[in-house]
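Work through the exercises below with the sequence and the coordinates open. Try each task before reading its solution.

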Amino acid sequence: MESRWIKDQLKAFTNWCNHYLSERMLKIEDLTTDLSNGIILINLLEILSDKNISGYIKKPSLKLQKIQNLSIALNFLKNEGVKLVGISGEDIVDGNIYIILGAMWTIILKYHLCFDNPVKSNMLSWVNHQLEPYNISVSNFTKDWESGRALCALTDSLKPGILPPSSLSEDRFKDITKALNIAQEQLNIPKIVFDEQFAEPDELSIMTYIGFFKHFKPQSEKE
């Protein structure tokens, strides 16, 4: 049986990938198998990096061809300055769930979480700066998000008035669902996690979701 954190990361990372892959009308159904021929991974890296990757086999059928495509993708990441430890194309072809999740997290750190090292510490500092007017603070991306108060306040902080503290209920799951929906509708932040995942938050899943909040820019800044 898969651990809860594995299930949560599979959901969050798959949804994160699909948010970007939709640009090319591509979609991952199963992260453990859909990366196996390298095509989707290469497309994802091209979208994230805004660079072209050449030399790969467009319709690989043999395992050797799939590994070759994945090697091209992994070498691209290395050239982008990404440190890949213990990640090989063969592991991805074979559906090694731990290697695949590790590879995805490495990609998320590089292209999505716009914080200097140490990433977690700097990310917490940014979140707490946003939460300061609400007299809320967090010291992690797990337990402190269970109540939904931090998520609701962070959502409101980006566009004050869309989720004021006075509008919250005593039901944390209702409030979390409300925050997720409002973030999607008002801030265009994709719902890559769901309310039930906040019962026992997985650190990497929550960090990936919160990364979208850092990317948010008010309409006035976009113009």
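The model is predicted.

**Exercise 1. Backbone outliers**

Task: Find where N188 lies, and decide whether it is buried or exposed.

Solution. Start with accessibility. N188 has a relative accessible area of 58%. The cut-off for exposed is over 50%, so N188 counts as exposed. Next, place the residue. N188 sits in the loop between helix 8 and helix 9. Now check the backbone. Its phi is positive, about 60 degrees, although N188 is not a glycine. Most residues other than glycine have a negative phi.

Task: Treat D50 in the same way: what is its phi, and where is it?

Solution. Phi of D50 is near 60 degrees, a positive value in a non-glycine residue. D50 belongs to the loop between helix 2 (39–49) and helix 3 (63–79). Its relative accessibility is 70%, so D50 counts as exposed.

Task: Which peptide bond is cis, from N117 to which residue?

Solution. Look at omega. The bond from N117 to P118 has omega near -5 degrees, and is cis. P118 is in the loop between helix 5 and helix 6. Most peptide bonds are trans.

**Exercise 2. Cysteines**

Task: Explain why C17 and C114 form no bond.

Solution. Begin with the distance. The closest cysteine sulfur to that of C17 is in C114, 16 Å away. A disulfide needs the two sulfur atoms within 2.5 Å. The gap is therefore too far for a bond. Check from the other side. For C114, the closest cysteine sulfur is that of C17, again at 16 Å and too far. The structure holds zero disulfides. Finish with the surroundings. C17 has 0% relative accessibility, so it counts as buried. C114 is at 46%, so it counts as partly exposed.

**Exercise 3. Helix 9**

Task: Test the length of helix 9 (residues 203–215) against its expected span.

Solution. Count the residues: helix 9 has 13. Apply 1.5 Å a residue, using one less than the number of residues. The expected span is 18 Å. The end C-alpha atoms are 19 Å apart, which agrees.

Task: How many residues of helix 9 are buried, and what do they pack against?

Solution. Of the 13 residues, 10 are buried, so helix 9 is mostly covered. Among them are L204, M207, I210 and F213. The buried residues pack against helix 1 (4–21), helix 5 (97–111), helix 6 (119–131), helix 7 (149–158) and helix 8 (172–187).

**Exercise 4. The core**

Task: Which residues have the most contacts inside the largest nonpolar core?

Solution. The largest nonpolar core has 81 residues. W16, W145 and I210 have the most contacts inside it. Helix 5 gives the most to this core, with 10 residues. Now follow W16. Leaving out residues up to four places away in sequence, W16 touches L44, L48, M104, I107, I108, H112, I192, T208 and F212. T208 and F212 are among the buried residues of helix 9.

**Exercise 5. Two helix residues**

Task: Is T14 buried or exposed, and what does it touch?

Solution. T14 is in helix 1. Its relative accessible area is 10%, so T14 is buried. Beyond residues up to four places away in sequence, T14 touches Q9, I28 and L31.

Task: How far apart are H129 and S157, in sequence and in space?

Solution. In sequence, 28 residues separate H129 and S157. In space, their C-alpha atoms are 9.8 Å apart. H129 lies in helix 6. With a relative accessible area of 52%, H129 is exposed.

Methods:
Residues numbered from 1 in each chain as written. Predicted model: local features only at pLDDT ≥ 70, side-chain atom pairs only at ≥ 80, totals over all residues. Heavy atoms only, no water. Helix = DSSP H or I, 4+ residues; strand = E, 2+ residues; numbered from the N terminus. Buried < 20%, exposed > 50% of the residue type's maximum accessible area, 1.4 Å probe, protein only. Contact = heavy atoms within 4.5 Å. Core = buried A, V, L, I, M, F, W, Y, C linked by side-chain atoms within 4.5 Å.
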